[in-house]
Amino acid sequence: MGKSLKGRELGIGISQRKDGLYTARFTGKDGKRHQKYFKKVQECRNWLADAQFQNEHGSISAWEDMTVSAWFDYWIENFKAGNIKTRTLQNYKDRFKHNIADCIGKNRKQKGY
């Protein structure tokens, strides 16, 4: 965890430089480091949260003819596999199969969403 010049905890990925600017940084899914400087710590926190969310979910695109089941399979393979434990992955697949697939698995993406 980073600290301010006064010794206060700022959170993971945030620190304060000697010139007073706050810096936020994280490593994206592609392995590149993303970093930005701010005058206020709240701006820094907001950017960090938005950038990490965009990094995690920004490349998601759903095709018009994709069913919910196909979307789930795409999501599991491209976004979750390798990021979570094997048993958690199996639990996700089991929950989808038993609780969701029969109800809405064959539905297609609606226009306008």
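Me: Which residue's backbone nitrogen does the side chain of Gln-16 reach, and at what distance?
Reply: This is a predicted model, so local features need pLDDT of at least 70 and side-chain atom pairs count only at pLDDT 80 or more, while totals for chains, interfaces and linings use all residues. Residues are numbered from 1 along each chain as its sequence is written, and side-chain values use heavy atoms, with hydrogens and water left out. A polar contact is a pair of N or O atoms within 3.5 Å; within protein, one must be able to donate a hydrogen and the other to accept it, and residues adjacent in sequence count only if both atoms are side-chain atoms. For the side chain of Gln-16, the partner is the backbone nitrogen of Leu-5, at 2.8 Å.

Me: And which backbone oxygen does that Gln-16 side chain reach?
Reply: Gln-16 sits in strand β3 (helices are DSSP runs of H or I with at least four residues, strands are E runs of at least two, numbered from the N terminus). β3 and β4 make a hairpin with 5 residues between them, and Gly-20 in the turn has a positive phi of about 95°. At 3.2 Å, the side chain of Gln-16 reaches the backbone oxygen of Gly-20.

Me: Is Gln-16 buried or exposed?
Reply: Buried means under 20% relative accessible area, exposed over 50%, and partly exposed in between, with a 1.4 Å probe and protein chains only. Contact means heavy atoms within 4.5 Å, and beyond four places in sequence Gln-16 has contacts including Lys-3, Leu-10 and Tyr-22. Gln-16 comes out at 17% relative accessibility, so it counts as buried.

Me: In what order do the 3 strands of the open sheet lie?
Reply: Two strands pair if DSSP finds at least two bridges between them. There are 3 bridges between β3 and β4 and 6 between β4 and β5. The edge strands, each pairing on one side only, are β3 (14–16) and β5 (33–38). That gives an antiparallel open sheet ordered β3-β4-β5.

Me: Which residue in β5 is the bridge partner of Ala-24?
Reply: Looking toward β3, Ala-24 of β4 is the bridge partner of Ile-14. Elsewhere, Arg-25 stands opposite Gln-35 in β5. Ala-24 has its own β5 partner, Lys-36.

Me: What angle does the direction of helix α1 make with that of β4?
Reply: Axes here are lines fitted to C-alpha atoms, for helices over the stretch in contact, and angles run from 0 to 180 degrees between N-to-C directions. Helix α1 (residues 41–57) packs on the sheet and touches β3, β4 and β5. Its direction and that of β4 make about 15°.

Me: Where is the kink in α3 centred?
Reply: The expected span of a helix is 1.5 Å times one less than its number of residues. For the 19 residues of α3 (residues 86–104) that should be 27 Å, and the end C-alpha atoms are 25 Å apart, which agrees. The bend at a residue is the angle between axes fitted to the seven residues ending there and the seven starting there. In α3 the kink is about 45°, centred on Lys-97.

Me: Which residue's backbone nitrogen does the side chain of Thr-67 reach?
Reply: Thr-67 is in the loop between α1 and α2 (68–80). At 18% relative accessibility, Thr-67 counts as buried. Its contacts beyond four places in sequence are Gly-105, Lys-106, Asn-107 and Arg-108. The side chain of Thr-67 reaches, at 3.1 Å, the backbone nitrogen of Ala-70.
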